[in-house]
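Biologist: Please take a close look at one helix pair in this model. I would like the packing described, and then set against the chain as a whole.

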Amino acid sequence: MRKVLIVGAGQSGLQIALGLQSHGYEVTLMSNRTADEIRSGRVMSTQCMFHTALQHERDLELNFWENQAPRIEGLGVSVAAPDSSRAIDWVGRLDGFAQSVDQRVKMAGWMETFAQRGGQVVIHGAAVGDLDYFSRTYDLVLVAAGKGELVTMFERDAARSVFDAPQRALAVAYVHGLGPRPEHPDFDAVRCNLVPGVGELFVMPTFTNTGRADILFFEGVPGGPLDAFKGVKDPSEHLALTLELLEKYVPWEYARATKVELTDANATLAGRYAPTVRKPIGRLPGGGAVLGVADVVVANDPITGQGSNSASKCAASYLSSIIEHGDRPFDEAWMQSAFDRYWDTAQHVVKWTNAMLGVPPEHVLELIGAAGQAQPVADRFANGFDDPADFENFFFDPEKTAAYLESVRAAA
C-alpha cells in the first residue's frame, strides 16, 4: 500500500486525502488545527464554487451540504457611475448552479470524515525540517498549506508571475439579514459590483455554522478609499466600516444591508497578498522533494472567485495523476508532469484574473455593456466563471470580441 503525506487541511489537501483514501492509499493528513478549532475559528475565505468544481466533490461523494447551501443560479455585474448610480446592471444565468459553504464548516466536516474512515490526522504545524524526515518515510509528500514557512520552499516563477505586490486590499464579512435584490428576488445570484478606479464589492449567498448567510467582500485598490481595514481588529467596527463604504460606493447594495448583523464573533477577515505562480517542486535540505498543491503553486487574487474552484480542480487533477502512476516512484519528473497537467487548466484562470486586476480596455467595457442588452452575452460571461478557458474565445482579443458581439446581434 502506497503511503502519502498531505500537509494542509484546506479544500485541496482534504479533497486529495479523501480521494486517495477511497482508493486504498495509506494517507496521513497534517494540520496545524483540529476540526473543532477550524469550526470555531475565524472565517478563512470567500468561496463560490461553480459546477465543475462542485462535480469533483460529487464524484467523491463529498457534497455533504448540497441540500442545505443556497443554490446560486446567476451571476450579476453592476458598474458604478461617478454619481454612484448604476451605469450597467445585468445578471447572467448559470448552466449549472453554484454553491458556497463556509470553509470552517466544510474543512471541519471533511477532516472528521477522513478520521472516521481510518485516516491518520496529525495536529502539528509542520516546518521544513519535519518534511525532510517525512520525505524518507512516505512515497509522496504533498504540501497544500498555502501560507507560512513551507511556501518559501517553492521558487517564484517569474515568467508566469505578472505582479510582485498585492493588487487589492481584501475585507470580508459574513452576515445574516441581507435582503434580496428587488429586481431579481426569485433566485440567488453572486453580485459583482465594479467601482472604476476604486475597487469591487462582491455579495454571495453562503451556508455557515448558523445556517444561510451572505458574504460581503470588498476588494480595494491599494491606497484607495476601500483600502481602509488595516488595523481594524474589532468585528463590529469592521462591519460598521463595511456598511459605510457600501452606502457611499454601492448604495443599491447598502439598501438591502441596513439590517445585517455578523453571523458570529469570528465572521470578519482582512488582508492582502501578491498573486504568484511558483515552481511546483520544493527541494528539501536532505535531498528529498515535495510537490506543491493549489494555492502553494498558483495563488490568484480572489477578484474572479477562482480560489476554491482552482483548489478543487487541482485536487482532481493530482488525484488522477497519482492513481494513474500506479507503483512507479513519484520522482521529480512525475511531479513536474502532474503540475503541467493541472497548469493546462490553471493558466486560463491566471490570465483572466490578472486581466481583471488591470484597467479594462475599451473592448472589454463594450463586452460588459453589451451583456446588459443581450442575455446570451450575460449568460456566456457568467458561465466563464465555471470554465475560464472560454474567455480565450471572446474576451482578450478585440477582434474576437467584435466578431462575437456581431454574431450575437446577427442571431437576434
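Modeller: The helix pair comes before the whole chain in what follows. This is a predicted model, in which local features need pLDDT of at least 70 and side-chain atom pairs count only at pLDDT 80 or more, while totals for chains, interfaces and linings use all residues. Residues are numbered from 1 along each chain as its sequence is written, and side-chain values use heavy atoms, with hydrogens and water left out.

Helix α1 covers residues 11-22 and helix α8 residues 307-325; their axes lie 8 Å apart at an angle of about 30°. Axes are lines fitted to C-alpha atoms over the stretch in contact, and angles run from 0 to 180 degrees between N-to-C directions. The crossing of α1 past α8 is right-handed (the near helix is turned clockwise from the far one by less than a right angle). On the α1 side, Gln-11, Ser-12, Gln-15, Ile-16, Gly-19 and Leu-20 make the contact, and their partners in α8 include Ala-311, Ala-315, Leu-319 and Ile-322; contact means heavy atoms within 4.5 Å. By class, the contact of α1 with α8 has nine nonpolar, six polar and no charged residues, with Ala, Val, Leu, Ile, Met, Phe, Trp, Tyr, Cys and Pro counted as nonpolar, Asp, Glu, Lys and Arg as charged, and the others, Gly among them, as polar.

The chain holds twelve helices and 16 strands, which are DSSP runs (H or I, at least four residues, for helices; E, at least two, for strands) numbered from the N terminus. Of its 412 residues, 57% are buried, that is, under 20% relative accessible area with a 1.4 Å probe, protein chains only. Among contacts with a separation of 6 or more, 75% join residues 24 or more positions apart. The C-alpha atoms fill a box of roughly 60 × 50 × 40 Å along the principal axes.

How values were computed: Buried < 20%, exposed > 50% of the residue type's maximum accessible area, 1.4 Å probe, protein only.
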